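Q: Please take a close look at one helix in this structure. I would like its geometry, its packing and its surroundings in one connected answer.

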Amino acid sequence: MASENVKVFTDGNFSADVLQSPRPVLVDFWAEWCGPCKRIAPTVDQLASDFNGRVDIGKLNVDDNPRTPAQYSVRGIPTLLIFKGGQVVDTVVGAQFTRDQLSSMIEKHL
């Protein structure tokens, strides 16, 4: 399960919690059945702790919330999008990254 610092994004709260956020936001598009999604979950949880108060980090279940992934052309999971000022500023597709790589990507948007 996600750490206390990982937010839960939905089709219903996406606009308010992601697009209108005053901070950069990392959104992890995932599904319960996705093995690579489960593999990166500890990294996402750790980054949420590392960046707590500076970046909002959360997960959006693509099975429960199909509208938002379709809007951002998410075709494969895991997909991680970084939003800043309501716009996508960075994208990672797949689970082939290290915590340090993702941390550096987030840092450049602070």
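A: Start with the bend. Helix α2 bends by about 35° at Ala 41, and a proline, Pro 42, follows within four residues. This is a predicted model. The helix has 16 residues. From first C-alpha to last, α2 reaches 24 Å, close to the 22 Å expected at 1.5 Å a residue.

Next, the buried face. The buried residues of α2 are Cys 37, Ile 40, Ala 41, Val 44, Asp 45, Leu 47 and Ala 48. Ala 41, where the helix bends, is thus on the buried list. These buried residues pack against strands β1 (6-9), β2, β3 and β4 (79-84), and against helix α4.

Now the sheet. Its 5 strands form an open sheet in the order β1-β3-β2-β4-β5, with mixed pairing. Strands β1 and β5 (87-93) stand at the edges with a single partner strand each, so one side of each is left without a neighbour in the sheet. From one strand to the next, the twist averages 25°. Strands β1 and β3 run parallel and are joined by 4 bridges. Lys 7 has Gly 58 of β3 as its bridge partner. Helix α2 packs on this sheet and touches β1, β2, β3 and β4. The direction of α2 makes about 155° with that of β3.

One sheet residue shows the packing in detail. Leu 80 is found in strand β4. Leu 80 counts as buried, at 1% relative accessibility. Its contacts, leaving aside neighbours within four places in sequence, include Ile 40 and Val 44. Both of those are buried residues of α2. Leu 80 is also in contact with Leu 26, Val 27 and Asp 28. Further contacts of Leu 80 are Asp 90, Thr 91, Val 92, Phe 97 and Leu 102. The C-alpha atoms of Leu 80 and Lys 59 are separated by 9.0 Å, with the two positions 21 residues apart along the chain counted as their spacing.

Asp 28 leads to the salt bridges. A search of the whole structure finds 5 of them. In one, the side chains of Asp 28 and Lys 59 meet at 2.9 Å, N to O. Asp 28 lies in strand β2 (residues 25-30) and Lys 59 in strand β3 (residues 56-61), so this pair ties together parts 31 residues apart in sequence. Both Asp 28 and Lys 59 are buried.

A second salt bridge involves the helix itself. Asp 50 pairs with Arg 99, and their closest N and O atoms are 2.5 Å apart. Asp 50 lies in α2 (residues 35-50) and Arg 99 in helix α4 (residues 99-107), so the pair ties together parts that are 49 residues apart in sequence. Asp 50 is partly exposed, with a relative accessible area of 33%. Arg 99 is partly exposed too, at 37% relative accessibility.

Beyond the helix, the chain makes another link to α4. The side chains of Arg 54 and Glu 107 meet in a salt bridge of 3.8 Å, N to O. Arg 54 sits in the loop between α2 and β3, while Glu 107 is in helix α4, 53 residues apart. Arg 54 counts as partly exposed at 40% relative accessibility. Glu 107 is partly exposed, with a relative accessible area of 40%.

To sum up, α2 bends at Ala 41. Its buried residues pack against four named strands, β1, β2, β3 and β4, and against α4. Asp 50 adds a salt bridge to Arg 99.

Definitions and conventions:
Residues numbered from 1 in each chain as written. Predicted model: local features only at pLDDT ≥ 70, side-chain atom pairs only at ≥ 80, totals over all residues. Heavy atoms only, no water. Salt bridge = Lys/Arg side-chain N within 4 Å of Asp/Glu carboxyl O. Helix = DSSP H or I, 4+ residues; strand = E, 2+ residues; numbered from the N terminus. Buried < 20%, exposed > 50% of the residue type's maximum accessible area, 1.4 Å probe, protein only. Expected span 1.5 Å × (residues − 1). Bend = angle between axes of the 7 residues up to and from the residue. Contact = heavy atoms within 4.5 Å. Pairing = 2+ DSSP bridges. Axes fitted to C-alpha atoms, helices over the stretch in contact; angles between N-to-C directions.
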